[in-house]
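User: Hi! I am new to reading protein structures. Could you walk me through some features, step by step?

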Amino acid sequence: MFSTQAIEWLDQQAIEVPSWAYGNSGTRFKVFAQAGVPRDPFEKLADAAQVHALTGLAPSFALHIPWDEVDDFARLVDHAESLGLRIGTINSNTFQDDIYKLGSLAHADADVRQAAIDHHLRCIEVMHATGSTDLKIWLADGTNYPGQDDMRARQDRLAESLATIYERLADDQRLVLEYKFFEPAFYHTDVPDWGTSYIHCVELGERAVVCLDTGHHAPGTNIEFIVTQLLRLGRLGAFDFNSRFYADDDLMVGAADPFQLFRIMHEVNRGGGFEAGSDVVFMLDQCHNIEAKIPGQIRSVLNVQEMTARALLIDQDALADAQGRGDVLGANEVFMDAFYTDVRTALADRREARGLPRDPIAAYAASGYQAEIERARVGGTQAGWGA
Ligand code: RM4
Ligand code: MN
């Protein structure tokens, strides 16, 4: 079914999982605790290792600081390696401390800005201790009311703070700037869109790149166009995958709109994002509020794999030919043919050939792991949304 090239890319596909997907999470209405939830980053890694062992798709693990602070990062790295994993992106957190009520890197008060900068310098230390090469910055900065603060001055302060952080990165480390159009700020956000993120990145330098979180756009936004443009500009650093029906729902990627995920993967392919040497990081940024977390992560990485596989089935020659002839319906038919092709059996065959279970969700259920963690992990809490 697949070309040799497609098989090679599918076999090498790597999707980074976020530590916070394994911890308790919820909405502002309620955080529902789940039995067996990890008590520390070591246990989160153990859970992530299940996802990778059963799918072969998730070799790296993103940390959120300070949620995942530990005394000894060398021990955490050893633990990750013993589980066949490595530490990926380090995500900063300047949205939960009281001092950040009116912002962090764009705050009017120089002391607050300095505290936020210092937090990022701590994150860079963690990067050195873990071998991570990506510092991901998502800011809750913004305002709720027109006139509340000077939007223009906030951009200048933000640019200055980012430059201070960027200067401290090593040559092989990147600053990955994520945008989001609203929430928690409801009037304006300081990095609301890809254009703003891109402008700051260009000003910073070559190692500053954009993170596209699929849940961070206004309804109706053509996300795949943004993917195309950022790849064209060489600034698509990372994805935060999730899906949404309304706002930033953080549901499982591909759950709300598999066709959108397919279209995104087609543009990734078109822009060389699967090729050797591409440095696009494919990360999940999700919360499993009501569903079981480990199977939720397994389902999510499989969804990404499935839509990647379908996108790789597009007959590129036939598509280019129809496009060149101005054959509107023909081009669309080539595109849709691939989308409508069920690849699940072919991917299960491929898994079997690689020594992986045909059905990772069923294999997880049969493994007894869930019962074991529910028995063993009692009484702990772990920093995160629920803390
Ligand atoms: C934000 C954003 C960030 C993530 C946090 C937990 O909405 O998407 O990427 O680190 O949530
Ligand atoms: Mn995100």
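**Reading cavities, pockets and salt bridges**

Analyst: Let us begin inside, with a cavity: helix 12 gives the largest share of the lining of the second largest cavity, three residues. Keep in mind that this is a predicted model.

User: Which residues line the second largest cavity?

Analyst: The general idea is that a probe fits inside a cavity but cannot get out. Here, the second largest cavity is lined by Leu10, Asp11, Gln305, Leu347, Arg350, Arg351 and Arg354. Helix 1 (4-12) and helix 12 (344-353) are the elements that give two or more residues to this lining. Sorted by class, the lining residues are two nonpolar, one polar and four charged. The volume of the second largest cavity is about 40 Å³.

User: Two of those names caught my eye. How do the side chains of Arg350 and Asp11 meet?

Analyst: They meet in a salt bridge, at 2.6 Å from N to O. For a pair to count, a side-chain nitrogen of Lys or Arg must be within 4 Å of a carboxyl oxygen of Asp or Glu. This pair links distant parts of the chain, since Arg350 is in helix 12 and Asp11 in helix 1, 339 residues apart.

User: Are Arg350 and Asp11 buried or exposed?

Analyst: In between! Buried means under 20% relative accessible area and exposed means over 50%. Arg350 has 29%, so Arg350 is partly exposed. Asp11, at 22%, is partly exposed too.

User: How many salt bridges does the structure hold?

Analyst: There are 22 salt bridges. Another one joins Glu224 and Arg263, whose closest N and O atoms are 2.5 Å apart. Glu224 lies in helix 7 (residues 223-232) and Arg263 in helix 8, so this pair ties together parts 39 residues apart in sequence. Both Glu224 and Arg263 are buried.

User: And what about Arg325 and Asp327?

Analyst: Their side chains form a salt bridge as well, at 3.6 Å from N to O. Arg325 counts as exposed because its relative accessibility is 54%, while Asp327 is partly exposed at 26%. Salt bridges can also share partners: Asp141, Asp149, Arg154, Arg157 and Asp190 are joined into one network that way.

User: Back to the cavities. What lines the largest cavity?

Analyst: Its lining is made up of Tyr22, Gln34, Ala35, Gly36, Val37, Pro38, Asp47, Ala292, Lys293, Ile294, Gln370 and Ile373. At least two of the lining residues come from helix 9 (293-312), and at least two from helix 14 (369-376). By class, there are seven nonpolar, three polar and two charged residues. The largest cavity has a volume of about 80 Å³, and the count of cavities of 30 Å³ or more comes to three.

User: How should I read a pocket, then?

Analyst: A pocket is an open set of points, whereas a probe in a cavity cannot get out. In this model, the second largest pocket has about 490 Å³ of space. Of its 26 lining residues, Ala14, Ser278, Val280, Val281 and Phe282 lie nearest its centre. Strand 3 gives the most to this lining, with four residues.

User: One last feature: which residues form a nonpolar patch on the surface?

Analyst: Phe245, Tyr246 and Leu251 do, with about 360 Å² of accessible area together. You can find Phe245 in the loop between strand 9 (236-241) and helix 8 (258-270).

Note on methods:
Residues numbered from 1 in each chain as written. Chains lettered and ligands numbered in written order. Predicted model: local features only at pLDDT ≥ 70, side-chain atom pairs only at ≥ 80, totals over all residues. Heavy atoms only, no water. Patch = residues over 30% accessible without salt bridge, like charges linked within 9 Å, V, L, I, M, F, W, Y side chains within 5 Å. Areas by Shrake-Rupley, 256 points an atom, 1.4 Å probe, with all protein chains shown as cover. 1 Å grid on protein atoms, 1.4 Å probe; cavity = no way out; pocket = protein on both sides within 12 Å on 5 of 7 lines; lining within 4 Å. Points joined across faces, edges and corners; volume = space filled by probe spheres on them. Nonpolar A, V, L, I, M, F, W, Y, C, P; charged D, E, K, R; others polar. Buried < 20%, exposed > 50% of the residue type's maximum accessible area, 1.4 Å probe, protein only.
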